[in-house]
Amino acid sequence: MHGPVSSGWLLVALCAATGAYCLLRMRSDVEEQRRAAGGEALMGFGMAAMAVPAAVVTQPAWAWPVYAAVFGAAGLRALWAARSGRHHLHHLVGAGAMVYMSLVMAASPGHGHGHGGSGVPLLTGALLLYFAGYVLLAGVRLVPVPAVAGAAGGGWGDRPELARACRLSMGIAMLAMLAML
């Protein structure tokens, strides 16, 4: 990705930490949480790998098509899972955004994104709007609600507020990556 080196490394750290927490969430006793956490861990680590600053480490030419294939497969899995719940559609949009960014980076000469003076491409703008809305909605969902009497605290993998914070941080990271595209 392009942009200041310090911002790139902060994105790498944020996405890698989010991916690591999602791996912890995979230890949950609830199968649906484990499955969602696995997809989110893949997204977090993939975003971390793609966010490595281009000024520091140049990704090999073969890496971008590999990212596109991996996230394309994740998108197909999310599309299949969307049959049972519409919340999987967000994973489909996220995987699609990762495929899009991979293809843009692969097609760019010297991995620089040239708009030709035309401004932000339509798809980039649409994805920016989607993820801005998602971040706002995810932020509102983090507003504390009164605790239910007798509710168990659960382990690290079963904390819904931490899962929401994880999704919020990945949404913010996706916004930053799209803006730096």
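Helix H5 gives the most to the lining of the largest pocket, with five residues. The model is a predicted one, and this pocket is a convenient place to enter it. The space in the largest pocket comes to about 580 Å³. Its lining is made up of 22 residues, and those closest to the centre are Glu-40, His-87, Tyr-134, Arg-141 and Arg-167.

Several helices share in this lining. At least two residues each come from helix H2 (31-50), helix H4 (88-107), helix H5 (122-141) and helix H6 (160-180). By residue class, the lining of the largest pocket divides into nine charged, eight nonpolar and five polar residues.

The chain as a whole gives the setting for the pocket. Its secondary structure consists of six helices and zero strands, so that the order of elements from the N terminus reads α-α-α-α-α-α. Among contacts in the chain with a separation of 6 or more, 77% are accounted for by residues 24 or more positions apart. The chain has 181 residues, of which 39% count as buried. About 9,700 Å² of the chain is exposed, and 71% of this area is supplied by carbon and sulfur atoms.

Two residues illustrate the buried part of the chain. One of them, Gln-59, lies in the loop between H2 and helix H3 (63-81). Is Gln-59 buried or exposed? Its relative accessible area is 13%, and because buried means under 20%, Gln-59 counts as buried. The side chain of Gln-59 has polar partners in this loop setting. It reaches the backbone oxygen of Ala-49 at 2.8 Å. The side chain of Gln-59 also makes a polar contact with the side chain of Tyr-67, at 3.2 Å.

The other residue is Ala-63, which has its place in helix H3. Ala-63 has a relative accessibility of 5% and therefore falls under the 20% limit for buried residues. Which residue lies 9.9 Å from Ala-63, C-alpha to C-alpha, while being 42 residues apart from it in sequence? That residue is Met-105.

Notes:
Residues numbered from 1 in each chain as written. Predicted model: local features only at pLDDT ≥ 70, side-chain atom pairs only at ≥ 80, totals over all residues. Heavy atoms only, no water. Helix = DSSP H or I, 4+ residues; strand = E, 2+ residues; numbered from the N terminus. Buried < 20%, exposed > 50% of the residue type's maximum accessible area, 1.4 Å probe, protein only. Contact = heavy atoms within 4.5 Å. Areas by Shrake-Rupley, 256 points an atom, 1.4 Å probe, with all protein chains shown as cover. 1 Å grid on protein atoms, 1.4 Å probe; cavity = no way out; pocket = protein on both sides within 12 Å on 5 of 7 lines; lining within 4 Å. Points joined across faces, edges and corners; volume = space filled by probe spheres on them. Nonpolar A, V, L, I, M, F, W, Y, C, P; charged D, E, K, R; others polar. Polar contact = N/O pair within 3.5 Å; in protein donor to acceptor, adjacent residues only side chain to side chain.
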